[in-house]
Amino acid sequence: MMQERAIPTLPSIAPITREEGLRLYEDMVLGRFFEDKCAEMYYRGKMFGFVHLYNGQEAVSTGVIQSMRPGEDYVCSTYRDHVHALSVGVPARNVMAELFGKATGCSKGRGGSMHLFSAEHKLLGGYAFIGEGIPVALGAAFQSKYRREVMGDASADQVTAAFFGDGTTNNGQFFECLNMAALWSLPIIFVVENNKWAIGMAHERATSQPEIYKKASVFGMPGIEVDGMDVLAVRTVAQEAVARARAGEGPTLIECLTYRFRGHSLADPDELRSKTEKELWLARDPIKKLANYLIDKQLTDAEELKAIDHHIQEVIDDAVKFAQESPEPDASELYRFVFAEDE
Amino acid sequence: MAETLLFNALREAIDEEMARDPSVFVLGEDVGHYGGSYKVTKDLYKKYGELRVLDTPIAENSFTGMAVGAAMTGLRPIIEGMNMGFLLLAFNQIANNAGMLRYTSGGNYKIPMVIRGPGGVGRQLGAEHSQRLEAYFQGVPGLKLVACSTPYNAKGLLKAAIRDDNPILFFEHVLLYNLKENLPDEEYVLPLDKAELVRKGKDVTILTYSRMRHHVMAAVKTLEKEGYDPEVIDLISLKPLDFDTIGESIRKTHRVIIVEECMKSGGIGAELTASINDRLFDELDAPVLRLSSQDIPTPYNGTLENLTIVQPPQIVEAVQKMVALRV
Ligand SMILES: Cc1ncc(C[n+]2csc(CCOP(=O)(O)OP(=O)(O)O)c2C)c(N)n1
Ligand SMILES: [Mg+2]
């Protein structure tokens, strides 16, 4: 095991109200419980294909997306997209139904786990090939600028967040898009979820400069590293980046140091990561960390958090029930949506 | 009527559509200040500004993906491939994103974009600059493939492509940019899915597209003198194929020759032949004949290059043989 990178700390974190704190907690628990249920359903043969779970990384999705205007700002994900979809507000029912391949899924059963989409929630999608979502996100950010400057739409101040992994930062699209985003000062945030691994490729074995945030500087862009297991830290950094993007001051690269608590996908035997490494990171569970903080600051108590857990469990159970009871896509609609004319 | 060069016909199409719809914009390498490698976008940035005629860095896959994202969020990008061959670097974004994303997203997003630019075998440009990407892309669901061949159809088709809500690969040919034709003064838009009946005839149906249309018409001149009466159809839409027009012709002539510039293996002609056999086999008096480019990287040497692509005398000979089968 490589020596662990020092956990970055911030001089101060953004103030948080009780309501905001509980919202972050609820969002993270929703992601965690949803993924746990997916694992169960996958092993019970209810969902198929490659299913990549997000356990452990919740502070990143929640910290960034809850600092945006969910449903108004754009979010672009990868194949590890369930929790980003939930954070932007796609109902758990429609995400679960998509994983079950049902007609009520957010991609009408055509997409599956790696291709969650919702135009309504400004979710630009889950992308199964690494890196390809980054330029798509760039296009959405370009669109905001274009609407404002060319079409004179003063309300077009949407920000776009592109999420992707450490392994993806070795792909050309990462560098190409950092260049264009900085060149044209686009309202975009590049969120690297550095979970130390790209399937079985340890980050340090894949890159000559493991500190990804430093790569921003050559593009003249702010690059920030943040503890990706601390939602309040992620949120603090994200709020600044969002404000900067919205003000037309350009992009930011945020490297979140995080860890996935499960294998790469549910098909991964997860044999390469050491026990010590896993235990070290498991002990830094972002949900427990937030819970402790909120209780510590007397913003809530264990009882209230338990009630939230209970409520979320109901949401998940309802989502499964909805997915199970939903109809299969109509076989007569096999060709529907190939072309724009199919609504 | 104004005599117009093909590249200017394309420019007029873009200019008119940009004036008509502020969500239309052009992006690509050297489309702005430089005016495009074949001057299709010359000076448009002066009229529309640098965001609407966006000079991009040389990053084909990323600026193509960026156009997909812009299209998903309501703009109507026109990508110029400096040479269509360079878009091999953007194969992923064209296939996975432009082509498949609407379906994969269950109809969440539309991708109204045009990807256009010069391609085909030019004059001794070497293999990499002499590509015919239509064969590579015809297998991608969700894409429409259109090839223009005259100033008139170039303008009318490009306008239609820009207005269409689907991703469209729009093929131009490097050797056709200086064709001249009188174009109507009034605005016109042509249907994207209709083949063009270039010459009515009864002996044999010749199906062709892009530059080969002109080789076919050169051959027809000779054939007419010899008393032959071929029907010539320019496919225009390479995907989907216009089987109304194609079928009508084959039901009349019962003979088909395909003349194409793409390679024989897995080419447009291969797909066309298979589809004709599927749909119209009983109408045929002879097997469909394919005249295609050789299955080799296009050689630099002029003589070898000429041997690689179909030449008019081969078309003349093919028609003579095909018609002779009748007796
Ligand atoms: C273009 C492409 N190449 C290879 C793969 C196979 N693949 C899927 S995920 C992955 C690792 C990506 O790692 P990282 O970017 O760190 O994201 P993480 O899975 O850790 O979230 C690879 C190689 C792919 N999906 N796309
Ligand atoms: Mg990783």
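This report walks through the domains, one helix, the chain interface and the ligand shell of a predicted model.

Local features here need pLDDT of at least 70 and side-chain atom pairs count only at pLDDT 80 or more, while totals for chains, interfaces and linings use all residues. Residues are numbered from 1 along each chain as its sequence is written, and chains are lettered from A and ligands numbered from 1 in the order in which they are written.

Let's start with chain B. Its domain assignment gives domain 1 (2–183) and domain 2 (196–324), with bounds that come from an automatic or database assignment. Over C-alpha atoms, the centres of these two domains of chain B are 26 Å apart. Contact between them (C-beta atoms, placed from the backbone, within 7 Å) involves 22 residues of domain 1 and 23 residues of domain 2 of chain B. On the domain 1 side, strand 6 of chain B gives the largest share, four residues. Helices (H or I, at least four residues) and strands (E, at least two) are DSSP runs, numbered from the N terminus.

Now for helix 8 (residues 212–225) of chain B. Its 14 residues reach 20 Å from first C-alpha to last, close to the 20 Å expected at 1.5 Å a residue; the expected span is 1.5 Å times one less than the number of residues. B:Met212, B:Arg213, B:His215, B:Val216, B:Ala219, B:Val220 and B:Leu223 are buried (20 or more other C-beta atoms within 10 Å of a residue's own, against 12 or fewer for exposed, all placed from the backbone). They sit on the same side of helix 8 of chain B because they cover an arc of only 150° around the axis, taken from the directions from the helix axis to the C-beta atoms. B:Lys221 and B:Lys225, on the other side, are exposed. Among the elements covering the buried residues are strand 13 (256–263) and helix 12 (312–324) of chain B. After the helix comes B:Gly227, with a positive phi near 90°.

Between the chains, 36 residues of chain B are in contact with 36 of chain A. Helix 3 of chain B gives the most to the chain B side, with nine residues.

As for ligand 1, 15 residues surround it, with A:Phe129, A:Gly165, A:Gly167, A:Thr168 and A:Ala198 coming nearest; near means a C-beta atom, placed from the backbone, within 6 Å.

Here are the residue classes. Ala, Val, Leu, Ile, Met, Phe, Trp, Tyr, Cys and Pro count as nonpolar, Asp, Glu, Lys and Arg as charged, and the others, Gly among them, as polar.

| Set | Nonpolar | Polar | Charged |
|---|---|---|---|
| Domain 1 of chain B, side touching domain 2 of chain B | eleven residues | eight residues | three residues |
| Chain B, side touching chain A | 14 residues | 18 residues | four residues |
| Shell around ligand 1 | seven residues | five residues | three residues |

Note on methods:
Two residues are in contact if their C-beta atoms, placed from the backbone, lie within 7 Å.
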